[in-house]
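Colleague: I would like a close look at a single part of this model, taken slowly and with the numbers kept in view. Could you start from the charged pairing and then work outward to the surroundings?

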Amino acid sequence: MAIITEPARGSAKEVHDRMPLALDNDSVEPWLDPAFTERDAIRGVTRHIDAGLIRHWPVSPLVDKPGDDRSAQLINPLKPVSYMTVCHFFP
């Protein structure tokens, strides 16, 4: 597996200058099609999700602690604000 990054867009720019490439649903199949090997062909059939769909919020620094069995709870917003942030894409 690989994570492909791109320059940050939308509110993701508040967190970092790069973000994971996030394609819209219609782009997934062409993106995975092995027939597309040319960069311009790939760019012609794929589209980013709308930057307005990107939201982020502070989370517990425990997200970086391997083996924590509360993982589902760790992505909930923290109060007061922590220094760790999670980005989630809502298609």
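Modeller: A salt bridge here is a side-chain nitrogen of Lys or Arg within 4 Å of a carboxyl oxygen of Asp or Glu. In this predicted model, the side chains of Glu6 and Arg9 satisfy that criterion, with a distance of 3.4 Å from N to O, and the structure holds one such salt bridge. In general, side chains of opposite charge can pair when their charged atoms come close. Both partners are out of the solvent by the accessibility criterion, since Glu6 is buried and Arg9 is buried.

Ser11 is placed in the loop between β1 (5-7) and β2 (18-20). Its relative accessible area is 17%, and because buried means under 20%, Ser11 counts as buried. With neighbours within four places in sequence left aside, Ser11 is in contact with Ile54, Arg55 and His56.

Turning to the surface, Ile4, Val28, Trp31 and Leu32 make a nonpolar patch of about 380 Å². Among these, Val28 lies in helix α1 and is partly exposed, at a relative accessible area of 40%. Leu32 also belongs to helix α1, which covers residues 25-32, and Leu32 counts as exposed because its relative accessibility is 62%, where exposed means over 50%. From Leu32 to Ile42 the separation is 10 residues in sequence and 9.8 Å in space, taken C-alpha to C-alpha.

How values were computed
Residues numbered from 1 in each chain as written. Predicted model: local features only at pLDDT ≥ 70, side-chain atom pairs only at ≥ 80, totals over all residues. Heavy atoms only, no water. Buried < 20%, exposed > 50% of the residue type's maximum accessible area, 1.4 Å probe, protein only. Helix = DSSP H or I, 4+ residues; strand = E, 2+ residues; numbered from the N terminus. Contact = heavy atoms within 4.5 Å. Patch = residues over 30% accessible without salt bridge, like charges linked within 9 Å, V, L, I, M, F, W, Y side chains within 5 Å. Areas by Shrake-Rupley, 256 points an atom, 1.4 Å probe, with all protein chains shown as cover.
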